[in-house]
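Biologist: Hi! Could you walk me through this one? I'd love to hear how the strands and helices fit together.

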Amino acid sequence: MLVAAALLAACHGTTFAAPCQFDSQGEGRVADIVDARSVRLDDGREVRLSGIEPTTTTKQALAAMLAGRDIRLRGTDDTPDRYGRQPALVFVGESDTSVQVLLLSQGDAIVSAEIADKDCAAALMAAEAEARRGKKGSWADPSAIKNAESPDDILAGIGRFVVVEGKVLSVRQAGATTYLNFGRNWTRGFAVTISRRMVPVFESAGIVLKSLENRKIRVRGWVEGNVGPRIDALRVGQIELLGTN
């Protein structure tokens, strides 16, 4: 309890604390930590922490923060997911700093890019960036960010949510899919795929896909692929521009 209280006090009032104040979705007391990003309340509801993907330390950190605590839920849509869990930003007591921000700033979680609200998404990214700079939690591991030039290393993480950095060598369209290629061998190198229906969404966010050629980017998502590793970019927030050419 003392650790959780200290973390809440340390983050209270930070620049990334306030933006995620969505509509109230109720409150309750945490009765059980179900898994690395889900808790069960004493009234039986199951809540999934939206906006993050877990690391190996998330469940332990979550238990330290939330076990037996009174929490408030905020979000834009309280429709349960297919597992019956209510997605929400979670706040302990009267704190205006979400548990998601606390986990991210400690390096105990990764931003999932599912939050569409720009200010809230930026706040979550800022918390993660703070942990990366400080090499906190999972970011202390040099392999936490995969190198786009090492496709075999990325492919070893198939079925997992990973973060990859590298230079886009080419942008090609094949049918209804745009490929951001990070290797010269298109079949074996790492690539990001973007469906045609998502192109206007990226452009409205100021990202013209062709302009990403020769740019260094950071991309996050689930690794798939039977030959070369692929990440399907379903949300704008999955791609971050890094520095200059």
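Biologist: Do tell, how many bridges join strand 1 to strand 5?
Modeller: In this predicted model, strand 1 and strand 5 run antiparallel and are joined by 5 bridges. Within strand 5, Ile71 stands opposite Gly28.

Biologist: And what is the bridge partner of Ile71 in strand 6?
Modeller: That's Val92. Strand 5 and strand 6 pair over 4 bridges, in the antiparallel sense.

Biologist: What holds paired strands together, in general?
Modeller: Strands of a sheet pair through backbone hydrogen bonds, and the pairing can be parallel or antiparallel.

Biologist: OK, over to strand 2 and strand 3. In which sense do they pair?
Modeller: Antiparallel, over 3 bridges, with strand 2 covering residues 38–41 and strand 3 covering residues 46–49. For example, Arg40 has Glu46 in strand 3 as its bridge partner.

Biologist: So what do the 5 strands form, and in what order do they run?
Modeller: They form a closed barrel that runs 1-2-3-6-5, and its pairing is mixed. On average, neighbouring strands of this sheet are turned by 60° against each other, ignoring direction.

Biologist: Nice! New topic: which strands does helix 2 lie across?
Modeller: Helix 2, residues 58–66, lies across strand 1, strand 2, strand 3, strand 5 and strand 6. Helix 2 runs at about 120° to strand 1.

Biologist: And where does helix 3 lie?
Modeller: Helix 3, residues 99–106, lies across strand 3 and strand 6. Its direction is at about 80° to strand 6.

Terms used
Residues are numbered from 1 along each chain as its sequence is written. This is a predicted model: local features need pLDDT of at least 70, side-chain atom pairs count only at pLDDT 80 or more; totals for chains, interfaces and linings use all residues. Side-chain values use heavy atoms; hydrogens and water are left out. Two strands pair if DSSP finds at least two bridges between them. Helices (H or I, at least four residues) and strands (E, at least two) are DSSP runs, numbered from the N terminus. Axes are lines fitted to C-alpha atoms, for helices over the stretch in contact, and angles run from 0 to 180 degrees between N-to-C directions. Contact means heavy atoms within 4.5 Å.
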